[in-house]
Amino acid sequence: MYFEKIIGQSFAKKYIANSINKNKINHAYLFEGIDGVGKNTFAKEFAKYLLKIDHVENSPDYISIEPQGASIKIAQIRNLQSDVIVKPHGDYKIYVINDAEKMTVESQNALLKTLEEPPGYVIIILITNNKNSLLDTIKSRCDIVKFLPIPSVELKRYLENRGIDEKKSSILSTFSRGSISKALELSESSDFMIMREDIQNNIQIMLEKNIVEILELPNKYDKYKNNIVEVLDITINYFRDIMMMKENVNKDMIINIDKITFLQNMSKKINYSQVSKIIDIIEETKKKLRSNCNFNLSIQVMALNIYEVIK
């Protein structure tokens, strides 16, 4: 069986395996999905099969292209074009372009010439978390293979197999949103659990309606200035859980299931409409912070707007 080491991704496995079995391997593939779901690992496993070796990174017929700085530059694609005319040692020559969404328009237009008339032995795999950043002419010449977030059950099992205890695995598999790399990153973070406690305390301050403490929130968020978007994402998850509690949904749908008592208590302090408005306020704050708006002012406006909703 192909791709046994890959977690999840039944569609991708079936699609590529079918291409192999029918001997209809395309010259260009676009692997698209969120970061950390196994796209690069899948590309390597695919290459192992095609090149008939276990360590593709040691093969001159496996070329991995990474961004240089913030982008993949036209010079890198021109190097690829010069290299494709050199015949492989075996049957194939495989080029994997990681973070393909970072190709400049000039790079994409240059790559298009190779995609239009590639040598018979060339396979190009574009790996991206955002195919919409690529030209339509690029996408039309690729087989697009969608990689889905890893189901929580499978991710939890994977983490437990790596020696992470059941309770922590359950939390990590939920917060990582189906990303293996994110789950592993959080598992190694001693600050993650502390962050959650701080977020809970901030939510409680908001819902207790104490204007003096609400005005102090920018100071409390300041320690998370460098990863504020992630903190706000987790905050939104708490409010969505509160919304779920008010709808009496199955507890399996609750993200912060280990904080059920806190969620129950908070759900009594706020109505459904208020929760929805608060989520919108936090989403708007994220947009402002991504646009480099003043940190303290953005958080203060967020806190005051939330206060106006619940007072």
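Here are some questions and answers about the predicted model shown above.

User: Hello! What should I know about numbering and pLDDT in this predicted model?
Analyst: Residues are numbered from 1 along each chain as its sequence is written, and side-chain values use heavy atoms, with hydrogens and water left out. In this predicted model, totals for chains, interfaces and linings use all residues, while side-chain atom pairs count only at pLDDT 80 or more and local features need pLDDT of at least 70.

User: Thanks! Which helix gives the most residues to the largest nonpolar core?
Analyst: A nonpolar core is a set of buried Ala, Val, Leu, Ile, Met, Phe, Trp, Tyr and Cys residues joined through side-chain atoms within 4.5 Å; buried means under 20% relative accessible area, exposed over 50%, and partly exposed in between, with a 1.4 Å probe and protein chains only. The largest one has 77 residues, and Phe31, Ile94, Ile125, Tyr221, Phe239, Ile278 and Met302 touch the most other members. Helices (H or I, at least four residues) and strands (E, at least two) are DSSP runs, numbered from the N terminus. The top contributor to this core, with 10 residues, is helix 12 (residues 228-246).

User: Which residues are in contact with Tyr221, leaving aside its neighbours within four places in sequence?
Analyst: Contact here means heavy atoms within 4.5 Å. Tyr221 is one of the residues that touch the most other members of the largest core. With those neighbours left aside, its partners are Asn202, Met206, Ile228, Val231, Leu232, Thr235, Phe295, Ile299 and Met302.

User: Where is Leu215, and is this residue buried or partly exposed?
Analyst: Leu215 is found in the loop between helix 10 (211-214) and helix 11 (217-221). Together with Ile211, Val212 and Leu304, Leu215 makes a nonpolar surface patch of about 300 Å². The relative accessible area of Leu215 is 39%, so this residue is partly exposed.

User: With which side chain does the side chain of Ser71 make a polar contact?
Analyst: Ser71 sits in the loop between strand 2 (62-65) and helix 3 (74-84), and counts as buried because its relative accessibility is 17%. A polar contact is a pair of N or O atoms within 3.5 Å; within protein, one must be able to donate a hydrogen and the other to accept it, and residues adjacent in sequence count only if both atoms are side-chain atoms. At 3.3 Å, the partner is the side chain of Lys73.

User: How many salt bridges are there?
Analyst: Side chains of opposite charge can pair when their charged atoms come close. A salt bridge is a side-chain nitrogen of Lys or Arg within 4 Å of a carboxyl oxygen of Asp or Glu. By this rule the count is 18.

User: How are Lys48 and Glu45 placed in helix 2, and what is the distance between their closest N and O atoms?
Analyst: Lys48 and Glu45 are separated by about one helical turn because they are three residues apart in helix 2 (residues 39-51). Lys48 is partly exposed at 23% relative accessibility, whereas Glu45 is buried at 17%. In their salt bridge, the closest N and O atoms are apart by 3.1 Å.

User: How many residues apart in sequence are the parts tied together by Asp91 and Lys52?
Analyst: The side chains of Asp91 and Lys52 meet in a salt bridge of 3.9 Å, N to O. Asp91 lies in the loop between helix 3 and strand 3 (93-97) and Lys52 in the loop between helix 2 and strand 2, so the pair ties together parts whose separation in sequence is 39 residues.

Conventions:
Patch = residues over 30% accessible without salt bridge, like charges linked within 9 Å, V, L, I, M, F, W, Y side chains within 5 Å. Areas by Shrake-Rupley, 256 points an atom, 1.4 Å probe, with all protein chains shown as cover.
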